[in-house]
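Trainee: I would like a close look at a single part of this model, with the reasoning set out step by step.

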Amino acid sequence: MIRTLLIGLSMLTAAPAMAQVQPSPPAFHTQEIATNGTTIHVRVGGHGPAVILLHGYGETGDMWAPLAADLMRDHTVIVPDLRGLGLSSKPAGGYDKKNQGLDVSGVLDALHVGKADLVTHDIGNMVGYAFAAENPGRVTRFVIMDAPLPGVGPWEEILKNPLLWHFRFGGPDMERLVAGRERIYLDRFWNEFSATPAKFSEGSRAHYAALYALPGGMHAGFSQFAAFDQDAIDNQAFLAKGGKLTMPVMAVGGDKSFGLTMAAVMRFTATNVTPLVIADSGHWLMEEQPAATVAGIRAFLDKPI
């Protein structure tokens, strides 16, 4: 399966009409880590304290290239593709975020990393929170960006937003509807959740649409959302059992998206929350305002604990 995915990506790279997103720094290497019943595609580079970057839906670990280039100066930067997305393998199940937290543990174990800073976006927030809640001693700092947590705080009110109809969209018939139309479906996310849609470039759109069109890609994407009800149950259990996270947390929102709501959500789950609102940005912080987002994350990670 991985060989098939790599061949597909090489074909995509060879097509001059499909300009790529910013590549990972040349010093990075990629590897496939078998863990927890799946295989995770991981980019690794740099030296120093570890930081792991978890992407969200509509993107892959490729989204983090500008941040990875900055952090690798003094960090070991670990950038996986989530289970089922990008160049990671696409198992039939296991998309609840508690289980994907085990994927993160397996990646860190394979790289002999005990503790790491954690930076997440979108679906990556949910995976990251599950990992941190079950492994608080392995997370030094936590940066969480522009998406809520199932079952936490104002979750039920957030679900009423008509823009979030995709949370309940999935299943075999929906997969048939988007087959061959992945770009049309994904453009909806990139357009409606941007402050300025043009900042999510044509090259990035073509790159990610081709990756999501790989066999099993859309099924895995729908499965991420289908697991939300179980994720809500698991998150409430995390809070009931372990209480709030105590590591420093920075909650980042685009001012045209979740904004300060991110900090409000995280105060239900963490005791030490710093808010950051990125001006002139919607949901796609790394595409819309990469310099400001990288600067904010860097400043937070550089603070002594």
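Trainee: Which residues are linked in a network of salt bridges? Please then take me closely through the salt bridges, and through helix 10 and its packing.

Mentor: The model is a predicted one, and in it the network of salt bridges links Asp70, Arg73, Asp74, Arg298 and Asp302. A search of the whole structure gives 19 salt bridges, and some other pairs can be described individually.

Asp187 takes part in a salt bridge with Arg183, at 2.9 Å from N to O, and also in one with Arg205, where the closest N and O atoms are 2.8 Å apart. The pairing with Arg183 stays inside helix 7 (residues 182–192), the two residues being four apart, about one turn of the helix. The pairing with Arg205, by contrast, links distant parts of the chain, since Asp187 is in helix 7 while Arg205 is in helix 8 (residues 202–212), 18 residues away. As for the surroundings of these side chains, Asp187 counts as buried because its relative accessibility is 17%, below the 20% limit for that class; Arg205 is likewise buried, at 7%, whereas Arg183, at 27%, is partly exposed. Lys256 and Asp255 form a further salt bridge, at 3.2 Å from N to O; here Lys256 is exposed, with 54% relative accessibility, and Asp255 is partly exposed, with 32%. In general, side chains of opposite charge can pair when their charged atoms come close.

Turning to helix 10, this element covers residues 228–242, and its 15 residues reach 20 Å from the first C-alpha to the last, close to the 21 Å expected. Its buried residues are Phe228, Asp231, Ala232, Asp234, Asn235 and Phe238, and these pack against helix 3 (97–110), helix 4 (123–134), helix 5 (155–159) and helix 9 (217–226). With helix 4, the packing angle is about 35° and the axes lie 10 Å apart, in a crossing that is left-handed. On the side of helix 4, the contact is made by Ile123, Met126, Tyr129, Ala130, Ala133 and Glu134, and on the side of helix 10 by Phe228, Asn235, Phe238 and Leu239. Sorted by character, the residues of this contact comprise eight nonpolar, one polar and one charged. Just after helix 10, Gly243 adopts a positive phi of about 75°.

Technical notes. Residues numbered from 1 in each chain as written. Predicted model: local features only at pLDDT ≥ 70, side-chain atom pairs only at ≥ 80, totals over all residues. Heavy atoms only, no water. Expected span 1.5 Å × (residues − 1). Buried < 20%, exposed > 50% of the residue type's maximum accessible area, 1.4 Å probe, protein only. Contact = heavy atoms within 4.5 Å. Axes fitted to C-alpha atoms, helices over the stretch in contact; angles between N-to-C directions. Left-handed = near helix turned anticlockwise from the far one by under 90°. Nonpolar A, V, L, I, M, F, W, Y, C, P; charged D, E, K, R; others polar. Salt bridge = Lys/Arg side-chain N within 4 Å of Asp/Glu carboxyl O.
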